Number of protein chains: 2
Amino acid sequence: MSQCEAHGHVKRSEPSLTKNQQLVWDVLRHASAPMSAYAILDEVRADGLRAPQQVYRALDKLVDTSLVHKLESLNAFVACAQPCCAEHEMVCFAICEACGSVDEFADDQIEQQFAEWTKRSGFVRRQTAVEIKGLCKGCAAQA
Amino acid sequence: MSQCEAHGHVKRSEPSLTKNQQLVWDVLRHASAPMSAYAILDEVRADGLRAPQQVYRALDKLVDTSLVHKLESLNAFVACAQPCCAEHEMVCFAICEACGSVDEFADDQIEQQFAEWTKRSGFVRRQTAVEIKGLCKGCAAQA
DNA sequence: CAATCCGCGTTATAACATAACAGACCAATC
DNA sequence: GATTGGTCTGTTATGTTATAACGCGGATTG
């Protein structure tokens, strides 16, 4: 059971992806690490996609609908790992510089602190990117 | 009196920049918005710099010493606006999508929430990028 | 039936960033 | 004072990431 279902949320529907969007989404879902648009392109070439645009257009849509996130500090994309992420205003990423793993998480406390800053400053938030780089627990233990 | 001096901190020294670093730093200090490396290059061409490498090398150093920050989501650079930033583990940016202004801030509460998450997860943080996009107070008022 | 919107495919190009090589300078130390 | 190691420099070339612009076709809808 997913974390979301455990919380009593409905399962997010995954509707109406076009063929190209579905191809890109499938690649990302099965990836073990963030992928660049061009790495994705290499994977979907077998399916007939040939140009960066085709991948970028699919990615744009997938990012819009929050199925996929862009990691700005890597210029790479990951499938959303957090079924509840549509219900959070922001999502954070912990990126291991040793093994490349990415941990996506949402934290209500952090969210709330940002909300308070927003309130104080008058800034109207539309989107937030939080990317923490360092060593994941496993890699830190080895070091 | 700067915020730092008010807090009783010593003024950060700005030592030993090389000629190229100084040129790039001067451009960024006087910029009213984040600049791409190539935009900086255009500015320092008059001073004899010709190749991207020269700018990127200077930027690398300036970012290392925290005189300059990279905005990952814009692929652009800003002079550090926060004299105390060396004393914070993380710095946040609020980027106005209407006017392009960037507000750099540090928030102890936010920092602490991240510290707690770090403790729980075992992740060893080295660097954190927080980039909030939206509308600054002024632009939000107009909209 | 337009008119409009959206996605598709394509070619070309823009924008961002680094590799790799060689020379100049300076400090440390043998 | 020669040698070594480190850092910065300048340069050419190349790699990587992202978008512009054109035209086509299908779906929706007024």
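A crossing of two helices is called right-handed if the near helix is turned clockwise from the far one by less than a right angle. I put that at the top of the page since my first entry uses the term.

**Entry 1: two helices in chain B**

I am working with a predicted model. I started with α3(B) and found that it passes α4(B) in a right-handed crossing. Next I looked up who touches whom. From α3(B) the contact takes Ala37(B), Tyr38(B), Ile40(B), Leu41(B) and Val44(B), while α4(B) brings Pro52(B), Val55(B), Tyr56(B) and Leu59(B). I sorted these residues by class and got 9 nonpolar, no polar and no charged.

Then I checked the geometry. α3 covers residues 37-44 and α4 residues 52-64 of chain B, and they pack at an angle of about 110 degrees with axes 9 Å apart. Angles of 65 to 115 degrees count as roughly perpendicular, so α3(B) and α4(B) are roughly perpendicular to each other.

**Entry 2: a pair in chain A**

I turned to α2 (residues 19-29) of chain A, whose axis comes within 9 Å of that of α4(A), with a crossing at roughly 80 degrees. α2(A) is therefore roughly perpendicular to α4(A). On the α2(A) side I noted Asn20(A), Gln21(A), Val24(A), Trp25(A) and Leu28(A), which meet Gln54(A), Ala58(A), Leu59(A), Lys61(A) and Leu62(A) in α4(A). This contact has 6 nonpolar, 3 polar and 1 charged residues.

**Entry 3: around DNA strand D**

Which residues come nearest to DNA strand D? Of the 16 around the strand, I wrote down Tyr38(A), Gln53(A), Lys70(A), Gln54(B) and Arg57(B). Of the strand's atoms within 4 Å of the protein, 43% belong to sugar and phosphate.

I also wanted to know which elements supply this surface. At least two residues each come from α4 of chain A and from α2 and α4 of chain B. α4(B) gives the largest share, 4 residues. By class, the surface near DNA strand D has 3 nonpolar, 7 polar and 6 charged residues.

**Entry 4: polar atoms facing the strand**

My last look was at single atom pairs. An N or O atom in the side chain of Tyr56(A) is 2.9 Å from a phosphate oxygen of DNA strand D. For Arg50(B), the distance from a side-chain N or O atom to a phosphate oxygen of the strand is 3.4 Å. Arg57(B) has a polar side-chain atom 2.3 Å from a base nitrogen of DNA strand D, and I had already listed Arg57(B) among the residues that come nearest to the strand.

Note on methods:
Residues are numbered from 1 along each chain as its sequence is written. Chains are lettered from A and ligands numbered from 1 in the order in which they are written. This is a predicted model: local features need pLDDT of at least 70, side-chain atom pairs count only at pLDDT 80 or more; totals for chains, interfaces and linings use all residues. Side-chain values use heavy atoms; hydrogens and water are left out. Axes are lines fitted to C-alpha atoms, for helices over the stretch in contact, and angles run from 0 to 180 degrees between N-to-C directions. Angles under 35 degrees count as roughly parallel, over 145 as roughly antiparallel, 65 to 115 as roughly perpendicular and the rest as oblique. Contact means heavy atoms within 4.5 Å. Ala, Val, Leu, Ile, Met, Phe, Trp, Tyr, Cys and Pro count as nonpolar, Asp, Glu, Lys and Arg as charged, and the others, Gly among them, as polar. A residue is near a molecule or strand if one of its heavy atoms lies within 4 Å of it. A polar contact is a pair of N or O atoms within 3.5 Å; within protein, one must be able to donate a hydrogen and the other to accept it, and residues adjacent in sequence count only if both atoms are side-chain atoms.
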